[in-house]
Amino acid sequence: MTYTMMQVCRELGMTYQTLKFYCDQGLVPYIKRDKNNRRVFDEHDVEWIRSLTCLKRCGMSIEEMRDYLNLCLEGEKSIPQRKKMLAEKCARLDEQMEQIQASMDYIDWKQDFYDDILAGKQPYYSNLVPKPEPAPASGPNA
């Protein structure tokens with residue numbers, strides 16, 4: 001069974017322009033064409049394109065994706081190099097997850113802070129607004 005570009009795009013949730021770009025960049029090897037010279041894809045192609053979308057989400061550049069593809073085309077002997085590439089991307093994703101978790105923790109803290117203010121559990125203060133200075137004492141003992 002073969003799929004058109006639009007069918008692949010719908011299946012994978014990608015834009016036509018992205019798939020065309022990947023093909024034009026040589027990221028989809030062995031592209032087949034129908035009788036009208038339109039690109040068509042088989043199941044193997046679709047699964048590879050699915051892998052490309054994952055590699056892109058992992059932060060691989062087009063050049064890195066091309067390098068990874070070339071290693072894949074070398075076969076089993078390049079598995080150690082591919083594992084290294086993926087491990088490096090995984091380490092970077094771990095760092096990003098830590099940063100995202102820290103951001104989420106801050107937002108949770110800030111939401112709790114606002115909830116406490118709105119519930120009257122604590123007075124409002126802001127690091128952006130200077131605290132008002134106490135009014136000078138007046139009267140006979142001042």
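**Notes on charged and aromatic pairs**

1. Let's start with a charged pair: E95 and R92 bring their side chains together in a salt bridge, at 3.0 Å from N to O. Keep in mind as you look that this is a predicted model. Both residues sit in helix α5 (residues 79-118), 3 residues apart, which is about one turn of the helix. How accessible are they? E95 has 41% relative accessibility and R92 has 37%. E95 counts as partly exposed because its value falls between the 20% limit for buried and the 50% limit for exposed, and R92 is partly exposed too.

2. Now find K20 and D24, another salt bridge, where the closest N and O atoms are 3.1 Å apart. These two share helix α2 (residues 16-24) and are 4 residues apart, again about one turn of the helix. K20 is partly exposed at 35% relative accessibility, and D24 is partly exposed at 46%.

3. Which residue does E11 pair with in a salt bridge? It's R50, with the closest N and O atoms 3.4 Å apart. This pair links distant parts of the chain: E11 belongs to helix α1 (residues 5-12) and R50 to helix α3 (residues 43-57), 39 residues apart. R50 is partly exposed, with a relative accessible area of 32%.

4. How many salt bridges does the structure hold? The count is 10, so there are others to hunt for beyond the ones picked out here, each with a Lys or Arg nitrogen within 4 Å of an Asp or Glu carboxyl oxygen. As background, side chains of opposite charge can pair when their charged atoms come close.

5. On to the rings: there are 6 aromatic pairs. One of them is W48 with Y68, whose ring centres are 6.4 Å apart; the planes are at 5 degrees, so this pair is stacked. W48 is in helix α3 and Y68 in helix α4 (residues 62-74), so the pair links distant parts of the chain, 20 residues apart. Are these two buried or exposed? Both W48 and Y68 are buried.

6. Compare that with F113 and Y125: their ring centres are 5.0 Å apart and their planes at 70 degrees, so this pair is edge-to-face. F113 lies in helix α5 and Y125 in the segment after α5, so the pair ties together parts 12 residues apart in sequence. F113 is buried, at 6% relative accessible area, while Y125 is partly exposed, at 42%.

7. Finally, follow F113 and Y125 a bit further: together with Y106, W109 and Y114, they form one aromatic cluster.

Key: Residues are numbered from 1 along each chain as its sequence is written. This is a predicted model: local features need pLDDT of at least 70, side-chain atom pairs count only at pLDDT 80 or more; totals for chains, interfaces and linings use all residues. Side-chain values use heavy atoms; hydrogens and water are left out. Buried means under 20% relative accessible area, exposed over 50%, partly exposed in between (1.4 Å probe, protein chains only). Rings of Phe, Tyr and Trp (its six-membered ring) pair if their centres lie within 6.5 Å; planes under 30 degrees apart count as stacked, over 60 as edge-to-face and the rest as tilted.
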